[in-house]
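Open the structure in a viewer and keep the selection tool at hand. The stops below are meant to be taken in order.

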Amino acid sequence: MSEPLRVRVKFDETTYLKGAKIAYDVQMKHTGRKYVGWFFIALAQFGVVGALRAGAYGLLLLSTLLLIYWYLLRWPLRKSALKRVFRHSPYADRELVIEAQDGGLCVDDKCIPWFEFTRVLATPQGYLFDMNDGFLYIPREAFESADLRNAFVALVRRHVDRFEKIDE
């Protein structure tokens, strides 16, 4: 068994929201959800046009509210809910020691086996470990050196089948 690779991450609200935003953006840009979103927007916009022609002001109001939600309120409402989740987290506002080893990732005393990660997203900001019931985000600045980061990535690539690089 090789020596575990350790990184320290300050788990504050900013870091948590940064990871959540990356997960959200990937969900909306790199999956089939974007097509559902486009369909949703098209229906709402047709609803506005149809409501104006028919004089159906209730439908016009509903379509307008849906468009406002889609373009302006989706992320702010989700961000508000994520802030509440963060405040109730036992790891909130702590420095976490994350160890990558052959068995999985250990965060403080809890180890997560590699098979629980559905994919890992490498972004310019950091690494997002996607799980069915959540995510773990490690910012790039958590790594003390490029050598440590490269060794970490090599270990992760050996154990997680879906390692995707996203250049956004």
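**Stop 1: the disulfide**

Select C106 and C111, which are joined by a disulfide with an S to S distance of 1.9 Å. The model is a predicted one, and the number of disulfides in it comes to one. A bond of this kind is covalent and runs between the sulfur atoms of two cysteines. Turn the view to look along the S-S bond: the torsion about it is about 95°, so the disulfide of C106 and C111 is right-handed.

Now show the surface. Which of the two cysteines is buried, and which is partly exposed? C106 has a relative accessibility of 6%, and because the limit for buried is under 20%, C106 counts as buried. C111, at 48%, counts as partly exposed.

**Stop 2: two loop residues with positive phi**

Stay in this part of the sequence and select D108, in the loop between strand 3 (104-107) and strand 4. Its phi is near 55°, a positive value in a residue other than glycine. Most residues other than glycine have a negative phi. D108 is partly exposed, with a relative accessible area of 28%.

Then select D93, in the loop between helix 3 and strand 2 (94-101). The phi of D93 is also positive, near 55°, and D93 is not a glycine either.

**Stop 3: strand 6 and its neighbours**

Select strand 6, residues 126-131. How many of its residues are buried? Six of the six are, so the strand is mostly covered.

Add strand 5, residues 117-122, which pairs with strand 6 in the antiparallel sense over five bridges. The two strands are joined by a hairpin through three residues. To see one of the bridges, pick F117 and its partner in strand 6, M131.

Next add strand 7, residues 134-139. Strands 6 and 7 run antiparallel and are joined by six bridges. The hairpin from strand 6 to strand 7 passes through two residues. M131 takes part here as well: its bridge partner in strand 7 is G134.

**Stop 4: the largest pocket**

Keep M131 and G134 selected and look for the largest pocket, which has a volume of about 800 Å³. It is lined by 29 residues, and the closest to its centre are M131, D133, G134, F135 and L136. Which elements give two or more residues to this lining? They are strand 1 (5-11), helix 1 (13-29), helix 3 (57-87), strand 4 (110-113), strand 6 and strand 7. Colour helix 1 separately, as the largest share of the lining, six residues, comes from it.

Colouring the lining by residue type gives 19 nonpolar, four polar and six charged residues.

**Stop 5: aromatic pairs**

Show the rings of the aromatic side chains; the structure holds 11 aromatic pairs. Begin with Y16 and F135, whose ring centres are 5.6 Å apart and whose planes meet at 20°, so this pair is stacked. Y16 lies in helix 1 and F135 in strand 7, so the pair ties together parts that are 119 residues apart in sequence. Y16 is buried, with a relative accessible area of 12%, whereas F135, at 23%, counts as partly exposed.

Move to W114 and F117, an aromatic pair that is tilted, with 6.0 Å from centre to centre and 50° between the planes. W114 is buried, with a relative accessible area of 5%. F117 is buried too, with a relative accessible area of 5%. This is the F117 that has M131 as its bridge partner in strand 6.

Extend the selection to Y127, F129, F143 and F152: together with W114 and F117 they form one aromatic cluster.

**Stop 6: helix 1 again**

Return to helix 1 and select E13, which has its place there. At 26% relative accessibility, E13 counts as partly exposed. Then select R87 and draw a line between the two C-alpha atoms: E13 and R87 are 74 residues apart along the chain, and their C-alpha atoms are separated by 8.2 Å.

Note on methods. Residues numbered from 1 in each chain as written. Predicted model: local features only at pLDDT ≥ 70, side-chain atom pairs only at ≥ 80, totals over all residues. Heavy atoms only, no water. Disulfide = S-S within 2.5 Å. Buried < 20%, exposed > 50% of the residue type's maximum accessible area, 1.4 Å probe, protein only. 1 Å grid on protein atoms, 1.4 Å probe; cavity = no way out; pocket = protein on both sides within 12 Å on 5 of 7 lines; lining within 4 Å. Points joined across faces, edges and corners; volume = space filled by probe spheres on them. Helix = DSSP H or I, 4+ residues; strand = E, 2+ residues; numbered from the N terminus. Nonpolar A, V, L, I, M, F, W, Y, C, P; charged D, E, K, R; others polar. Pairing = 2+ DSSP bridges. Phe/Tyr/Trp six-rings, centres within 6.5 Å; stacked < 30°, edge-to-face > 60°.
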